[in-house]
Amino acid sequence: SSHSAEDKLAIARFQQYLKIATAHPNPNYKPAQEFILSQAGSVGINTQVLEFTKGKPLILLTWTGKDPSRPSILLNSHMDSVPAEADKWVHDPIGAVKDNSGNIYARGAQDDKCIGMQYLEAIKRLKSQGFQPLRTIHISYVPDEEIGGMDGSEAFVKSKEFENLHVGFVLDEGQASPNEHYRVFYADRIPWRLIIKATGAPGRGSKLYDNSALENLMKSMEVIGRFRSAQFDLVKSGMAEHGEVIAVNPVYVKAGTPTPTGFVMNLQPSEAEAGFDIRLPPTADPQLVRERISEEWAPAARNMTYELMEKGPLRDIQGHLLLTVANHSNLWWLQFEKAISAAGGKLGKPEILASTTDARFVREKGIPAFGFSPMSNTPILLHDHNEFLNEAEYLKGIKMYIAILEILSSYTETVDDIAHKDEL
Ligand SMILES: CSCC[C@H](NC=O)C(=O)O
Ligand SMILES: [Zn+2]
Ligand SMILES: [Zn+2]
């Protein structure tokens, strides 16, 4: 191909990282750790391994700035991936095979091993150009993002070690864009889990009677289904984006009396339950959802109980909504926008991510964070079969991070300077 020797090596390193088996349920973090440490060694930046839970290392790299007293920048990515069904892929999900058009296939190609390596490649190139950042730049490689981040990012962000980094701004993963505009995310939806349980009198399969456990559960399913459709209709009609509505999706139902080969077919069971994945944009009113659950989705009057697990707050420690301001009143946003256009990129309208990332933990502390994975003109394939990223797009991403790091690590303007410039 027409890529430079340097680019070819960068692509090979990306493929090497993709070949490390870090998919759940058994992510093998040790080889990922070794690989990242060896790459950091060749770049010449400081390394630390933190282990908040045994067997779940968090790798922290640091490029110290000329003025370490200024708030630092943290670039985050996770080492783990969701599993892949290898037989449904055209190439081995752990093979990092590159096809004739330069598409590199692997679980993690988009989510999010691309950014983990691009961060390092960008720093490598900036160093070779003699660039020295004013602010300190940290890069973290965390375990367990895909399973909620409790033993990874959450433990890290709540640690003394994190406090000492004096982080002022975070970049974390985003998502691919099918068009030429890069996507940027200023918030995540917050995950809740709901288990609803119905009880009722058992009875013969043949009998019509009120208040069976499954009848009660089915009523809840209908009510929840209507709420779900109403939210989805807002998206379908173009009135809202996916990230702006409340999602509630059934993820399991459990009922019936098992036999060795199936279920008893002529008995109405006395218990039934269902589980739901709920996601709330930070702009939602959580109290209204709680009331809906207790009054409509699992009312005691219908012999129902429920267990609600709110997996995170919708507001930060100061009581502000859990979102990062993406307009001119946020200097980091201004610099970020400036960097993207300096590198020749176009940004789409800032979005709320429909799923959930580790960025929520830093936002909880009031630290501004954007989700950004530089992949334009790329189908959205995270968690899907045949996840791939094109090599040219990968290389373009390195250039984006070079511009981002150059500008964000070294700006000295204040909001006042910028307001003044606008007046002139
Ligand atoms: C309950 S936190 C789960 C986090 C996970 N993150 C990426 O896919 C997600 O499902 O959004
Ligand atoms: Zn991810
Ligand atoms: Zn993911």
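**Entry 1: the bridge at Asn103**

I looked up Asn103 first. Its bridge partner is Asn390, a residue of β21. I note here that the model is predicted. Next I asked in what sense β5 and β21 pair, and over how many bridges. Strand β5, residues 103-105, pairs with β21 in the antiparallel sense, over three bridges.

I then followed the strands outward. The sheet is open and has three strands, in the order β4-β5-β21. The pairing is antiparallel. Which strands stand at the edges? I found β4 (97-98) and β21 (388-390) there. Each has a single partner strand, so one side of each is left without a neighbour in the sheet.

I also checked what packs on this sheet. Helix α10 does, and it touches β4, β5 and β21. The direction of α10 makes about 70 degrees with that of β21.

**Entry 2: α10 and α1**

I stayed with α10 and turned to helix α1, residues 5-18. The two helices pack at an angle of about 105 degrees, and their axes are 11 Å apart. I therefore log α1 and α10 as roughly perpendicular to each other, since the range for that word is 65 to 115 degrees.

I listed the contact residues. From α1 they are Asp7, Ala10, Ile11 and Phe14. From α10 they are Glu391, Tyr394, Leu395 and Ile398. By class I get six nonpolar, no polar and two charged residues in this contact.

**Entry 3: α10 and α8**

I moved on to helix α8, residues 331-342. Its axis and that of α10 (residues 391-408) come within 8 Å. They cross at roughly 140 degrees. That makes α8 oblique to α10, because roughly antiparallel would need an angle over 145 degrees. The crossing of α8 past α10 is right-handed.

Which residues make this contact? On α8 I have Gln335, Phe336, Lys338, Ala339, Ile340 and Ala342. On α10 I have Met400, Ala403, Ile404, Ile407 and Leu408. The class split for α8 with α10 is nine nonpolar, one polar and one charged.

**Entry 4: the annotated positions**

Last, I looked up the UniProt record, an unreviewed entry. It places the feature "active site" at Asp80 and Glu145. I wanted to know whether the two are spread or clustered in space. They cluster, with a largest C-alpha distance of 6.8 Å, although they are spread over 66 residues of sequence.

Where does Asp80 lie? I located Asp80 in the loop between β3 (72-78) and β4. That leads back to the sheet of Entry 1, where β4 is an edge strand.

Technical notes: Residues are numbered from 1 along each chain as its sequence is written. Chains are lettered from A and ligands numbered from 1 in the order in which they are written. This is a predicted model: local features need pLDDT of at least 70, side-chain atom pairs count only at pLDDT 80 or more; totals for chains, interfaces and linings use all residues. Axes are lines fitted to C-alpha atoms, for helices over the stretch in contact, and angles run from 0 to 180 degrees between N-to-C directions. Helices (H or I, at least four residues) and strands (E, at least two) are DSSP runs, numbered from the N terminus. Angles under 35 degrees count as roughly parallel, over 145 as roughly antiparallel, 65 to 115 as roughly perpendicular and the rest as oblique. A crossing is left-handed if the near helix is turned anticlockwise from the far one by less than a right angle, and right-handed if clockwise. Two residues are in contact if their C-beta atoms, placed from the backbone, lie within 7 Å. Ala, Val, Leu, Ile, Met, Phe, Trp, Tyr, Cys and Pro count as nonpolar, Asp, Glu, Lys and Arg as charged, and the others, Gly among them, as polar. Two strands pair if DSSP finds at least two bridges between them. UniProt positions are given in the numbering used here, feature names are shortened, and annotations may be inferred rather than shown by experiment.
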